[in-house]
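Trainee: Before we discuss this protein, could you place its sequence and structure in front of us and take my questions in turn?

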Amino acid sequence: MKTLTGIAAFMVALTAVAVAGEPLLRPVADPRPILQDLQRKMSSLGSVCLEFTQQRNLKLFAEPLRSEGVMLIERPDLIRWETTAPYQSILLGNHKSVAQFERTEGDWKKLKLAFPQMLRRVMEQMVQMHQGRLDALTGDYTISVATGSVAVVTLVPKDEMIRSILSSLEIIMQPDFSATREVVMNEPSGELTRIIFRRERRDVKFPSGTFDQVKPLDIAAIQAALGNAP
């Protein structure tokens, strides 16, 4: 179940967005120049460390289910998605393979993945999104852009089977596209997952073992190595 939640956590949607008393977003007729400019801006980014809060909104619960964690990305294709509370889980990926670990009774246990190729592809797409390489996703998604008090890039899956579980994926960014604020997933049922990024540190130097798929370095050691990186 946590593996499926982890996969779902990477996906989103909004067809019209209003921010408490502010104007609705304005759709961009041709998003290609914006996407190309975004890719140019992000092309020099070597690595990024993002802290996040995840909110899972389910119809059965009055309050969203919350979790916290970090996402680490290093060019060209390394990603680490780690949930630190209320449970501990690590997803690691590159263009060749993925691995998942779960903390059980104080020890890390490597899990057998049910859908490794699907998970690898999702993690690869997350890397592309956060490196501004959205043009690389046009084969799998229909992409639109809207601007206003925030900038929103919406990705709608082209595959009918994927749309049956994911309506769309939306990246909510600063108005100038300089940083990602949120990623939200809307499902056909009306349920959604919202990932809110609290802190972003760019071009940090990750210590050896950060992305190791056999024995990943503990997050406390990574954070200590990063120290007071801006």
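Mentor: Let us fix the vocabulary beforehand: two strands pair if DSSP finds at least two bridges between them, and helices (H or I, at least four residues) and strands (E, at least two) are DSSP runs numbered from the N terminus. This is a predicted model, in which local features need pLDDT of at least 70 and side-chain atom pairs count only at pLDDT 80 or more, whereas totals for chains, interfaces and linings use all residues. Residues are numbered from 1 along each chain as its sequence is written, and side-chain values use heavy atoms, with hydrogens and water left out.

Trainee: Over which residues is the pLDDT below 50?

Mentor: The pLDDT, which is the predictor's confidence in each residue from 0 to 100, has a mean of 85 in this protein, and 89% of the residues reach 70 or more. One stretch falls below 50, although the model gives this stretch 59 contacts (heavy atoms within 4.5 Å) beyond near neighbours in sequence. Where pLDDT is low, the predicted coordinates should not be read in detail. The stretch below 50 is residues 1-23.

Trainee: Which strands stand at the edges of the sheet?

Mentor: The open sheet has twelve strands in the order β1-β8-β9-β10-β11-β12-β2-β3-β4-β5-β6-β7, with antiparallel pairing. Each edge strand has a single partner strand, so one side of each is left without a neighbour in the sheet. The strands at the edges are β1 (26-27) and β7 (107-110).

Trainee: How many bridges join β2 to β12?

Mentor: Strand β2 covers residues 47-57 and runs antiparallel to β12. Within this pairing, the partner of V48 in β12 is R202. The number of bridges joining β2 to β12 is ten.

Trainee: Which residue stands opposite L72 in β4?

Mentor: Strand β3 (residues 65-74) and strand β4 (residues 78-85) run antiparallel and are joined by seven bridges, with a hairpin of three residues leading from β3 to β4. Strand β4 also pairs in the antiparallel sense with β5 (residues 89-93) over five bridges, where T83 stands opposite S89. Opposite L72 in β4 stands R80.

Trainee: Is T210 buried or exposed?

Mentor: T210 lies in the loop between β12 (192-202) and α5 (219-226), and the side chain of T210 reaches the backbone oxygen of P207 at 2.7 Å. Leaving aside neighbours within four places in sequence, T210 is in contact with L72, R80, L92, P216, L217 and I222. Buried means under 20% relative accessible area and exposed over 50%, with partly exposed in between (1.4 Å probe, protein chains only). Because the relative accessible area of T210 is 1%, this residue is buried.

Trainee: What distance should helix α3 span?

Mentor: Helix α3 has 15 residues (116-130), and the expected span is 1.5 Å times one less than the number of residues. The end C-alpha atoms are 21 Å apart, which agrees with the expected span of 21 Å.

Trainee: Which residue takes a positive phi just after α3?

Mentor: The buried residues of α3 include L119, V122, M123 and M126. Just after this helix, a phi of about 75° is taken by G132.

Trainee: What is the C-alpha to C-alpha distance between I171 and V145?

Mentor: I171 lies in strand β10 (residues 168-173) and is buried, with a relative accessible area of 5%. I171 and V145 are 26 residues apart in sequence, and their C-alpha to C-alpha distance is 9.6 Å.

Note on methods:
Polar contact = N/O pair within 3.5 Å; in protein donor to acceptor, adjacent residues only side chain to side chain.
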